[in-house]
Amino acid sequence: MIEEYNLLVFNSTHHSLQAEKFLKANGYKIMMIPILPEISADCGMAIKTEVKDVEITSLLEDNKIEFAAFYHVLKEGLEKRIKKISK
């Protein structure tokens, strides 16, 4: 089974909640999830987005919502590949 998604990580819970509220208000289908063990961040939560939503980082930056990094995650069976896209 293949699963592919993007992941936004944050340096604070405040920023993750601010981003979640903003993105949902703008019609994005997102999900708050615990941060993957392979990724370190001060906040324990991340926002999972669809692969096609690559413009999310620009949208957050334009609206002064801080995030620590943006990753692409590809899971195939037991193998997981994580690629940092920005920051």
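These exercises work through the fold, a strand pairing, the cores and one buried residue of a predicted model.

Residues are numbered from 1 along each chain as its sequence is written. Local features need pLDDT of at least 70, side-chain atom pairs count only at pLDDT 80 or more, totals for chains, interfaces and linings use all residues, and side-chain values use heavy atoms, with hydrogens and water left out.

**Exercise 1. Fold and overall size**

Task: List the elements in order, then test the radius of gyration against the globule rule.

Solution:
- Helices (H or I, at least four residues) and strands (E, at least two) are DSSP runs, numbered from the N terminus.
- The protein chain has 2 helices and 5 strands. Their order from the N terminus is β-α-β-β-α-β-β.
- The radius is taken over C-alpha atoms; the rule is 2.2 Å times the number of residues to the power 0.38.
- For 87 residues a compact globule would be near 12 Å, and the protein chain agrees because it has 12 Å.
- The C-alpha trace spans about 35 × 25 × 20 Å along its principal axes.

**Exercise 2. Strand β4**

Task: Find the strands that pair with β4 and describe its burial.

Solution:
- Two strands pair if DSSP finds at least two bridges between them.
- β1 (residues 2-9) pairs antiparallel with β4 over 8 bridges. Within this pairing, Ile-2 bridges to Glu-76 of β4.
- β5 (residues 79-86) also runs antiparallel to β4, through 7 bridges. Lys-75 has Lys-80 in β5 as its bridge partner.
- The β4-β5 hairpin leaves 2 residues between the strands, and Gly-77 takes a positive phi near 60 degrees there.
- Burial comes last. Buried means under 20% relative accessible area, exposed over 50%, partly exposed in between (1.4 Å probe, protein chains only). In β4 (residues 69-76), 6 of the 8 residues are buried.

**Exercise 3. Nonpolar cores**

Task: Identify the largest nonpolar core and the helices that supply it.

Solution:
- A core is a set of buried Ala, Val, Leu, Ile, Met, Phe, Trp, Tyr and Cys residues joined through side-chain atoms within 4.5 Å.
- The largest has 14 residues; Leu-8, Phe-10, Leu-23, Ile-47 and Leu-60 have the most contacts inside it.
- α1 (13-25) and α2 (56-62) each give at least two residues. The largest share, 3 residues, is from α1.
- Another core, of 11 residues, lies apart and includes Val-9 and Ile-35.

**Exercise 4. Thr-49**

Task: Why does Thr-49 count as buried, and which residues is Thr-49 in contact with?

Solution:
- Thr-49 sits in strand β3 (residues 45-49).
- Thr-49 counts as buried because its relative accessibility is 3%.
- Contact means heavy atoms within 4.5 Å. Leaving aside neighbours within four places in sequence, Thr-49 contacts Tyr-5, Asn-6, Lys-29, Ile-30, Ile-56 and Phe-70.
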